[in-house]
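Visitor: I should like a close look at a single part of this structure, the surroundings of one charged side chain. Please then relate that part to other places in the chain and to the chain as a whole.

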Amino acid sequence: MRQFPAFFNLEGARIVVFGDGEEAARKLRLLVSSPVELVQVGDVALAEFAERVVHAAPSATRAVLEGARLAIIADLPRQAEILAEVRARGIPVNVVDAPELCDFTVPSIIDRGEVVAAIGSGGNAPVLIKALREKLEAIIPHRAGEFASLAGKLRGFVSGAIPDPTARRRFWERALAGPAAEAAYAGDLGKAEALLKEAARQPQRRVGVVHIVGAGPGDPELLTLKALRLIQEADVVYYDRLVSQDILLLIRRDAARVPVGKSKGDHSVPQAEIEARLVASAREGLRVVRLKGGDPFIFGRGGEELDAVRGAGVEAHVVPGISSALGCAASAGVPLTHRDHAQTLTFVTGHAKAGGVPDLDWNALARPAQTVVVFMGVDTAPVIAERLVAAGRDPSTPIAVIENGTRPDEVRVFGVLSELPFLIEEEGITGPALLIIGEVAGLPLANASLAQFLPPEFAGAARHEALAFEE
């Protein structure tokens, strides 16, 4: 480690920035919210900081340096002269774009108030550091500083309630990633304080929390920031079959991973048992994540699980995910609504609770100028197509079948409603797959080839031509 990272206490300190150009302005923007006395030395006062920064002429250099804590030099013409004055007073200095002259470098900073993260490369790779900072920004909650401030406020209270240092450390380890943390990150500091005090008074009475989390369609980059944070904090993750391996790799390595997914004809873990396990794990004081493909509240039984967990007296929260309908359609370039083709969008399930085809309003689904998205419809596709056509939907209505949408092994098949069962069989599609029925499903095909000029009986040929063109 060539450079040692350290945090200076800036309360009441004077920091002098030399220069009146953009580089000086950037450094002032970084410091302007700190509790310091800022002095800008240059020929021209920077108007942007008129109310917060004291301006001094270059002739006042020696005077403003007296008692200064740090100095930053962004004045190239007078760099050597200023550096000599700073060095003579033993003030730590940063010289912009001259790392060899610096006592310290200015890192890329994430400022959350009481929580500050900094990452640097000694000035060698600022673009790389900026990219890494953006990744850190994504996983540090925006209210982390407020929660840290609350924790600091309660340190004395917790020390009095839990005298043993080891037990106290364990308390904080759990508290800072439990219900109190979630309340603070949601902006309810009063609730967070109450939960921390209650937990400190009864350290043996640990009750966990259940988060029902949507994992999206499969691409890990489509996870929400909150979903990512929760699966990396969880003690145990109960996951569905539809959750991709790439997302499972993001789970904390020492967390328990429990598969509870269902596949066609194989309900290895009954729904009631899944709900019982969630409750039992929370009552052990564990941080529980129920990880579900897509969005938990769109044909994902998230509502049933939420009712069961809360009904057992356990705190539960739901984190939405990108529905497979949205993710798959976007990946395939199919707009689910379109002013020229679809003014209505309907989500339906192709699988009834007791098995077989659900009892749907086929007449309503057969109306033109709408998109129908069918979840879990591969097995029942022949009956779905038959009933839609019988209800009046045009047999030549474009359709798209998307298997493993957003994942590396994604398969896209385009055609028309009358040939839907044939397409699924021909391409060997078994799921997870999504059926999109409506004029919008023909848009990628039309844009990729001359398919819009071909009669319906040539839809299959047009489909293969489009895919070859696309690739």
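Guide: In this predicted model, a polar atom of the Arg287 side chain lies 3.3 Å from the backbone oxygen of Glu233. Arg287 belongs to strand E11, which covers residues 287-292. The relative accessible area of Arg287 is 15%, and the limit for a buried residue is under 20%; Arg287 is therefore classed as buried, although its side chain is one that counts as positive.

The contacts of Arg287 show what surrounds this side chain, once residues up to four places away in sequence are set aside. Glu233, whose backbone oxygen was named above, is among the residues touched, and Ala234, Asp235 and Val236 are touched as well. Glu233 is the end residue of helix H10, which spans 225-233. Another set of contacts is made with Glu173, Arg174 and Ala177; helix H7 runs over 165-175, and the loop that follows leads to helix H8 at 179-185. Val209 and Arg252 complete the list of residues that Arg287 touches. Val209 opens strand E8, which is assigned to 209-214.

The loop between H7 and H8 also holds Gly178. Gly178 has a relative accessible area of 4% and is buried. From Gly178 to Ile424 the C-alpha distance is 46 Å, and the two residues are 246 apart in sequence.

Strand E8 leads to a second buried site. Ala215 is placed in the loop that joins E8 to helix H10, and its relative accessibility of 1% counts as buried. With neighbours within four places in sequence left aside, Ala215 is in contact with Leu291, Lys292, Gly293 and Gly294, as well as with Leu223, Val243 and Ile247. Leu291 and Lys292 fall within the range of strand E11, 287-292, the strand in which Arg287 is placed. For Val243, the separation from Ala215 is 28 residues along the chain and 6.5 Å between C-alpha atoms.

Beyond strand E11, the chain enters the loop that runs to helix H13 (302-311), and Phe299 is located there. Phe299 has a phi near 55°, which is a positive value in a residue other than glycine. What is the exposure of Phe299? Its relative accessible area is 38%, and this lies between the limits of 20% and 50%, so Phe299 is partly exposed.

A positive phi of about 55° is also found at Asn404, again not a glycine. Asn404 sits in the loop between strand E15 (398-403) and strand E16 (411-416), and at 12% relative accessibility it counts as buried. A glycine with positive phi, Gly333, comes just after helix H14, with a value of about 75°. Helix H14 covers residues 324-332, and its buried residues are Ala325, Gly327, Cys328, Ala329 and Ala332. At the start of H14, a side-chain oxygen of Ser323 comes within 3.1 Å of the backbone nitrogen of Ala325.

Two further loop residues may be set against each other. Gly42, in the loop between strand E2 (37-41) and strand E3 (54-56), is buried at a relative accessible area of 1%. Gly42 is in contact with Asp20, His55, Ala56, Ala57 and Pro58, leaving aside neighbours within four places in sequence. Glu114, in the loop between strand E6 (108-112) and strand E7 (115-119), is exposed, with a relative accessible area of 62%. Glu114 touches Gly145, Ala148 and Ser149, not counting residues up to four places away.

Distances from these two loops give a sense of the extent of the chain. Gly42 and Ile298 are 60 Å apart, C-alpha to C-alpha, and Glu114 and Pro217 are 36 Å apart by the same atoms. The C-alpha atoms of the chain occupy a box of roughly 90 × 60 × 40 Å along the principal axes. The radius of gyration is 30 Å, whereas a compact globule of 471 residues would have one near 23 Å.

The chain contains 19 helices and 17 strands, and 46% of its 471 residues are buried. Of the contacts between residues at least 6 apart in sequence, 61% join residues at least 24 apart. Arg287 is one of the residues in the buried class, and the chain has 50 positive and 60 negative side chains, with the centres of the two sets 9 Å apart.

How values were computed
Residues numbered from 1 in each chain as written. Predicted model: local features only at pLDDT ≥ 70, side-chain atom pairs only at ≥ 80, totals over all residues. Heavy atoms only, no water. Helix = DSSP H or I, 4+ residues; strand = E, 2+ residues; numbered from the N terminus. Buried < 20%, exposed > 50% of the residue type's maximum accessible area, 1.4 Å probe, protein only. Rg over C-alpha atoms; globule rule 2.2 N^0.38 Å. Contact = heavy atoms within 4.5 Å. Charge placed at Lys NZ, Arg CZ, Asp CG, Glu CD. Polar contact = N/O pair within 3.5 Å; in protein donor to acceptor, adjacent residues only side chain to side chain.
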